[in-house]
Amino acid sequence: MKKLFLAAFLLAATPALAVDDIKLPSPDTTGGMPLMDAISQRKTTREFSNKAIDSKDLSNILYAAWGVSHDGKRTIPTAQNKQDLNVYVLKDKAVWKYIASENTLKFVSDDNISQYINLQDFAKSAPLTLIFTGNELKNARMNAAAAYQNVGLYCASRGLNNVVRGYVDMDKVNEAMHFNQEKVVITQAIGWPVD
């Protein structure tokens, strides 16, 4: 009985475990579909299966969007090289910030932010949503456009569906994410086709 009491006491006294950051596998930086083929096949599709996107594809998607390619440069051009862009990942109802220099996802929140992002029924089935944010909206919008186009090309080359979405409650997302200067610019839902 003493052992049972001690075990119950230890479980109750143990603080909740913090969510660890996720170290992604190295992205593939060579190969893939020829560029002109990917451009020809890039399209918007609003249907997603619930099949998860594995960590390798996630790493490749994030590298295409906002990775560090060479000499500290990004995989996209940025206005005046200010690099005013952040990319967040919404998956499994949690939000993570992509840290490109470490190829890591840093846990941000498990509040139900998806309720403000997935306002359209088709978006609710997407296993992955990228949230593009920035401080200076003019520059951040241009940067996000370059990033989501790269992601669209990667999706075309990999056979993934994607759609860029502005129909989200940006004020609620900004509030839930505790943003001050940083603001949501646009989102991109990604997932495998429905069989």
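Is Lys124 buried or exposed? Lys124 is exposed, with a relative accessible area of 54%. Keep that residue in mind, as we will come back to its partner after a look at the whole chain. One thing to know from the start is that this is a predicted model.

Let's begin with the overall layout. The protein has 195 residues, and 42% of them count as buried. Its C-alpha trace spans about 70 × 40 × 40 Å along the principal axes. Seven helices and seven strands make up the secondary structure. If you follow the chain from the N terminus, you meet these elements in the order α-β-α-α-β-β-β-α-α-β-α-β-α-β. Contacts can be sorted by how far apart the partners sit in sequence: among those between residues at least 6 apart, 76% join residues at least 24 apart.

Now for the surface and the charges. The protein exposes about 11,200 Å², and 52% of this area is supplied by carbon and sulfur atoms. There are 22 positive and 20 negative side chains, and the centres of these two sets lie 1 Å apart. Side chains of opposite charge can pair when their charged atoms come close. In this model, five salt bridges are present, and three of them are worth a visit here.

Start with Asp57 and Arg158, whose side chains meet in a salt bridge with an N to O distance of 2.7 Å. This pair links distant parts of the chain, with the two positions 101 residues apart in numbering. Asp57 belongs to helix α3 (residues 55–66), while Arg158 belongs to helix α6 (residues 137–158). How do the two ends fare in terms of accessibility, and which class does Asp57 fall into? Asp57 has a relative accessibility of 2% and therefore counts as buried, because the limit for that class is under 20%. Arg158, at 39% relative accessibility, counts as partly exposed.

The next pair brings us back to Lys124. Its side chain meets that of Asp121 in a salt bridge, at 3.4 Å from N to O. Both residues lie in helix α5 (residues 121–124), and because they are three residues apart there, about one helical turn separates them. Asp121 counts as exposed at 62% relative accessibility, and Lys124 is exposed as well, at 54%.

A third salt bridge joins Lys91 and Asp92, where the closest N and O atoms are 3.6 Å apart. Asp92 is exposed, with a relative accessible area of 67%.

Charges are one part of the story, so let's turn to a nonpolar spot. Leu35, Met36 and Ile39 make a nonpolar surface patch of about 320 Å². Leu35 lies in helix α2, which covers residues 35–41. With a relative accessibility of 53%, Leu35 counts as exposed, because the class begins at over 50%.

Our last stop is Ser114, found in helix α4 (residues 114–117). Which class does Ser114 belong to, buried or exposed? Ser114 is buried, with a relative accessible area of 11%. Leaving aside neighbours within four places in sequence, Ser114 is in contact with Leu90 and Lys93.

Terms used
Residues numbered from 1 in each chain as written. Predicted model: local features only at pLDDT ≥ 70, side-chain atom pairs only at ≥ 80, totals over all residues. Heavy atoms only, no water. Salt bridge = Lys/Arg side-chain N within 4 Å of Asp/Glu carboxyl O. Helix = DSSP H or I, 4+ residues; strand = E, 2+ residues; numbered from the N terminus. Buried < 20%, exposed > 50% of the residue type's maximum accessible area, 1.4 Å probe, protein only. Patch = residues over 30% accessible without salt bridge, like charges linked within 9 Å, V, L, I, M, F, W, Y side chains within 5 Å. Areas by Shrake-Rupley, 256 points an atom, 1.4 Å probe, with all protein chains shown as cover. Contact = heavy atoms within 4.5 Å. Lys, Arg positive; Asp, Glu negative; His and termini not counted. Charge placed at Lys NZ, Arg CZ, Asp CG, Glu CD.
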